[in-house]
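Open the model in your viewer and keep the selection tool at hand. The stops below say what to pick next and what is there.

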Amino acid sequence: MKSKSEYNLCKWCSERQHIRNYRPKEITRQCQICHGLWNRLEETCNKLTQATKSYQYDTFQIGLTLDHSFYDNEDKFRSRFKIRGIENIKTSILREIRKKFGKVSNKKTDLHSPDITINVQIGRKFETKVSVISKTVILRGRYNKIKGFQIKNKNSTNDRLEINQRHIEKILKKEISDQFSSDSIIFWPVGKEEPESLVLGNGRPFYVSIKNSKKISFKQGLSIQSNGLLFKLIEKVRALPTSAPLYVKKVMTLVSFQEKLRTSDFKNFTDFGIMIVEIINRKSKNWKLIYQMDIKVKTHRKLELTITCDNGLPIRKFIEGDGLDISPTLPQILGRKCHCNKIDILDILNEENSLN
Ligand SMILES: [Zn+2]
């Protein structure tokens, strides 16, 4: 049986074994445990720097896969000298890589929710592979339509809604993929909008989740203007809202009538308080609230009606009263046929800032 002194161990490996009476050798590649792994630390860190250089991040985590031959070498030695309960070569070298890379990159380690996760694979002959995955970035923002927004189509309202949505989504995705170098982006707008409507005021809220983004630290708001749309990316959030947050919208509509209007037609509009509108779907009943309605008479046959209501109230259905699945409707309240000429979303507010 070999004695300790017959083993060739480098300084790093001998110190890690906590063995007494052993004088470490001035060797690297001849080390019978690590074969010079320790001396490759700098080179490994350089590879990490290369792999992460296009990422903007604050925190990192490193995972390491080390060829089993290194463990085997160490296990043999440890069982020969009955060394137990101390950390193995992988844990040791990983800690050193982390420490050194932290210093070089000037970033912090975060074991629970790092901005980027770096996976390092070191093979038997030190073949090293490095890959990087970044944390999904979720941003909260708002968008407005500004001058120049156009969408050409002549389909039905439902199709137009869908096309409008896809069009906006396409523009946002392209802009974000340019900014964040990510090709997997999901757009989550809050509420629906009419295709013709201009989103005025603070804009329509949305969330966007960006997978494997190169930009993970997002500290300042960002405005992107493109194709008649202004996207304001406000802040990074921890997660998407689990249920749709309660939003209230303020909508300006133009309503026209076949018959001339009389002043007495509006008596139902004075101080009606909060109105409950019932919406019946095939499977369920749903209620939306109208908090306020303001009328401005434009002509004898036209009025401007501003509605503040829960997001999700189908405005056109409410005004025109088509179908029996919604009650009450504007025609029921006014006792006459109504036609909706225009819908503009003035604002979408969330619960906290909605009703004051
Ligand atoms: Zn060694």
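This is a predicted model. Start with the open sheet. Five strands form it, in the order 6-7-5-9-8, with antiparallel pairing. Select 184-189 for strand 6 and 222-226 for strand 8. These are the edge strands, and each pairs on one side only. Look at how neighbouring strands of this sheet cross: on average they are turned by 25 degrees against each other, direction ignored.

Stay in the sheet and select residues 137-145 and 229-237, which are strand 5 and strand 9. How many bridges join strand 5 to strand 9? There are eight, and the two strands run antiparallel. For one contact, click Leu139; its bridge partner in strand 9 is Lys236. Strands of a sheet pair through backbone hydrogen bonds.

Next stop: the metal. Select the zinc ion with Cys10, Cys13, Cys31 and Cys34. The SG atoms of these four residues are the protein donors, 2.2 to 2.4 Å from the zinc ion. What is the geometry of the site? It is tetrahedral, with angles of 105 to 113 degrees among the four donor atoms. Along the sequence, the donor residues follow the spacing C-x2-C-x17-C-x2-C. Now check the surroundings of two of the donors: both Cys31 and Cys34 are buried.

Move on to the inside of the protein. A search of the whole structure turns up one cavity of 30 Å³ or more. The largest cavity has a volume of about 60 Å³. To see its walls, select Leu37, Arg40, Glu43, Thr44, Lys47, Ile122, Phe126 and Thr128. Which helix gives the most to this lining? Helix 2, residues 41-52, does, with three residues.

Finish with some backbone details in loops. Select Lys82, in the loop between helix 3 (68-80) and helix 4 (89-105). Lys82 is not a glycine, yet its phi is positive, at about 50 degrees. Is the residue buried or exposed? Lys82 is exposed, with a relative accessible area of 62%.

Ser181 comes next, in the loop between helix 5 (157-180) and strand 6. Its phi is also positive, near 50 degrees, in a residue other than glycine. Ser181 counts as partly exposed, at 41% relative accessibility.

Last, go to Pro328, in the loop between strand 14 (326-327) and helix 7 (330-334). Display the peptide bond from Ser327 to Pro328: this bond is cis, with omega near -5 degrees.

Terms used
Residues numbered from 1 in each chain as written. Predicted model: local features only at pLDDT ≥ 70, side-chain atom pairs only at ≥ 80, totals over all residues. Heavy atoms only, no water. Donors = N, O, S within 2.8 Å, 3.2 Å for Na, K, Ca; no water. Tetrahedral: all angles 85-135°; square planar, octahedral: opposite > 155°, others 65-115°. Buried < 20%, exposed > 50% of the residue type's maximum accessible area, 1.4 Å probe, protein only. Pairing = 2+ DSSP bridges. Helix = DSSP H or I, 4+ residues; strand = E, 2+ residues; numbered from the N terminus. Axes fitted to C-alpha atoms, helices over the stretch in contact; angles between N-to-C directions. 1 Å grid on protein atoms, 1.4 Å probe; cavity = no way out; pocket = protein on both sides within 12 Å on 5 of 7 lines; lining within 4 Å. Points joined across faces, edges and corners; volume = space filled by probe spheres on them.
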